[in-house]
Amino acid sequence: LRRTKSEVLLELPPKIEQSILIEPTMEETAFYEAVRMKALERIQQLDMAENNTKRFSILAEISRLRQACCHSSLVDENMTIESSKVKTFLTLVKNIIDNKHKALIFSQFTRYLSKIKEALDKKNISYQYLDGSTSMKERQKAVDDFQAGIGDLFLISLKAGGTGLNLTAADYVVILDPWWNPAVEDQASARAHRMGQQRPVTVYRLIMKNSIEEKIITLHKNKKDLAADLLSGSDMSGKISEEELVGLIAG
């Protein structure tokens, strides 16, 4: 018998969602502002460019700003500014693990997940890992091991593991960087919040205060009707005008 998702959801334990606003340090704020101003400068030089080229370039600048919210070294490898987001993340997962829970950790950026791995290794926190380069055999082994209790966390690339995984051993989900389309984040949290889950699922979104991440979350709210019309997993940035995209950067 086929059942709609809404019918299935009635049988699931509740899902609680919470955004955690992170206050950047003065160093991080200064770095972010420098990246933002440079982005606006480059966009102004694109005024005569073809529409497709200009849009692609604006999205590249937005991606760079989003990376600056996560870790300065993702934008400039020579930067060694301590990441407030990583610091908050470590405090959060310590609390989750100390209370005998397991969590799925999602990011769009595999280089950011590498930074997270380094931080977890220093703290001797065990984890499984999956991104687009993981073979099907390794992917299945990581899932089976996590479900069997091996590893406190499962680090997952959003695009590689947003669908098709059953990870009900976790009852916490941490989204390290907000994505355009909230439906994609919902698919990610559904790795844990699905049939077979016996406990309430808590979803945390880590958002850098006064940054492009806050604006993306506002877009989530303002574009809910639009997001509802999109195909599952599609990229909402394709439905946003150039002016709106530049507005995310302009402040």
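A salt bridge here is a side-chain nitrogen of Lys or Arg within 4 Å of a carboxyl oxygen of Asp or Glu. Keep that handy for the exercises below, and remember that you're working on a predicted model.

**Exercise 1. Find how many salt bridges the structure holds, then work out what the one between Arg-66 and Asp-177 joins.**

Step 1. The total comes to 15 salt bridges.

Step 2. For Arg-66 and Asp-177, the N to O distance is 3.8 Å, and the cut-off is within 4 Å, so the pair counts.

Step 3. Now place the partners. Arg-66 belongs to helix H3 (residues 51-70), while Asp-177 is in the loop between strand E5 (172-175) and helix H8 (182-189). That puts them 111 residues apart in sequence, so this contact ties together distant stretches of numbering.

Step 4. Check the surroundings: Arg-66 and Asp-177 are both buried.

**Exercise 2. Take the salt bridge of Asp-152 with Lys-102 and decide whether each partner is buried, partly exposed or exposed.**

Step 1. The closest N and O atoms of this pair are 3.8 Å apart.

Step 2. Both partners sit in loops: Asp-152 between helix H6 (136-147) and strand E4 (153-157), Lys-102 between helix H4 (84-98) and strand E2 (103-107). The pair links distant parts of the chain, 50 residues apart.

Step 3. Buried means under 20% relative accessible area, and exposed means over 50%. Asp-152 has 23%, so it's partly exposed. Lys-102 has 17%, so it's buried.

**Exercise 3. Explain how Lys-141 and Asp-145 are placed in helix H6, and compare their accessibility classes.**

Step 1. Their side chains meet in a salt bridge at 2.7 Å, N to O.

Step 2. Lys-141 and Asp-145 are separated by about one helical turn, because they are 4 residues apart in H6.

Step 3. Lys-141 counts as exposed at 54% relative accessibility, whereas Asp-145 is buried at 17%.

Extra: salt bridges can also link up in a network, and here one takes in Lys-15, Glu-17, Glu-185, Asp-186 and Arg-205.

**Exercise 4. Classify the aromatic pairs Phe-146 with Phe-154 and Tyr-172 with Tyr-204.**

Step 1. The structure holds 2 aromatic pairs. For Phe-146 and Phe-154, the ring centres are 5.3 Å apart and the planes meet at 65 degrees, so call that one edge-to-face. The angle cut-off for this class is over 60.

Step 2. Phe-146 is buried, at 0% relative accessible area, and Phe-154 is buried with 0% too.

Step 3. The pair of Tyr-172 and Tyr-204 is stacked, with 6.1 Å from centre to centre and 25 degrees between the planes. Tyr-172 is in strand E5 and Tyr-204 in strand E6 (residues 201-208), so this pair ties together parts 32 residues apart in sequence.

Step 4. Tyr-172, at 17% relative accessibility, is buried; Tyr-204 is buried at 14%.

**Exercise 5. List the buried residues of helix H11 and work out how they are arranged around its axis.**

Step 1. H11 covers residues 242-250, and its buried residues are Glu-242, Leu-245, Leu-248 and Ile-249.

Step 2. Look down the axis: these buried residues fall within an arc of 120 degrees, so they line one face of H11.

**Exercise 6. Find the ring that the charged end of Lys-117 sits over.**

Step 1. The ring belongs to Tyr-129, and the charged end of Lys-117 is 4.0 Å from the ring centre.

Note on methods: Residues numbered from 1 in each chain as written. Predicted model: local features only at pLDDT ≥ 70, side-chain atom pairs only at ≥ 80, totals over all residues. Heavy atoms only, no water. Helix = DSSP H or I, 4+ residues; strand = E, 2+ residues; numbered from the N terminus. Buried < 20%, exposed > 50% of the residue type's maximum accessible area, 1.4 Å probe, protein only. Arc of directions from axis to C-beta. Phe/Tyr/Trp six-rings, centres within 6.5 Å; stacked < 30°, edge-to-face > 60°. Lys NZ or Arg CZ within 6 Å of the ring centre and 35° of its normal.
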